[in-house]
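Visitor: Could you take me through the terms used for this model, and show what each one rests on?

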Amino acid sequence: MLYMLMFICYCLTLFIFFFLMIRRPPRSTLSSSSAASDVYKRQVCPISFDLMTQPVCLPSGASYNLPAIARWIEQNNIDPTTRQPLSLQHVYPNLRLRERIQNWIQQSTANLLNNTLCEH
């Protein structure tokens, strides 16, 4: 059930992202869309380049998506940032980032729906 929910969130995020990329924003929102793009970049896993659905923090302070960093640690046993030895026991959930990502998805979805409804 959890994987199904994660898959639905992932698909919805991709849909929103591609729809927003195709749709040209109004002139008044150009500066805010670049700010939104910066926010999106900070919410993408540096390993998988996917929007983080399970963000975790490493002792170095860097955040990654749990499935991506778990694979990395399994293969390399080191922190990708500091190259220090690392195990999954040292990884902990980044609850603040997860909340920001969920809020960003909800806000983007609401904005997308409002803009779509206003255009028709």
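What follows is a short exchange about the sheet, a helix beside it and two loop residues.

Guide: This is a predicted model, in which local features need pLDDT of at least 70 and side-chain atom pairs count only at pLDDT 80 or more, while totals for chains, interfaces and linings use all residues. Residues are numbered from 1 along each chain as its sequence is written, and side-chain values use heavy atoms, with hydrogens and water left out.

Visitor: What makes β1 and β2 a pair?

Guide: Two strands pair if DSSP finds at least two bridges between them, strands being DSSP runs of E of at least two residues and helices runs of H or I of at least four, numbered from the N terminus. Three bridges join β1 (residues 55–57) to β2, so the two strands count as paired, and they run antiparallel. Pro55 stands opposite Asn65 in β2.

Visitor: Why are β2 and β3 called edge strands?

Guide: The open sheet has the order β2-β1-β3 with antiparallel pairing, and β2 (63–65) and β3 (92–93) each pair on one side only.

Visitor: Why is Phe49 called exposed, and Asn77 partly exposed?

Guide: Exposed means over 50% relative accessible area, buried under 20%, and partly exposed in between, computed with a 1.4 Å probe on protein chains only. Phe49, in the loop between α2 (30–42) and β1, has 60% and is therefore exposed, whereas Asn77, in the loop between α3 and β3, has 46% and is therefore partly exposed.

Visitor: What is notable about the phi of Phe49?

Guide: Most residues other than glycine have a negative phi. Phe49 is not a glycine, yet its phi is positive, about 60°, and Asn77, also not a glycine, has a positive phi of about 60°.
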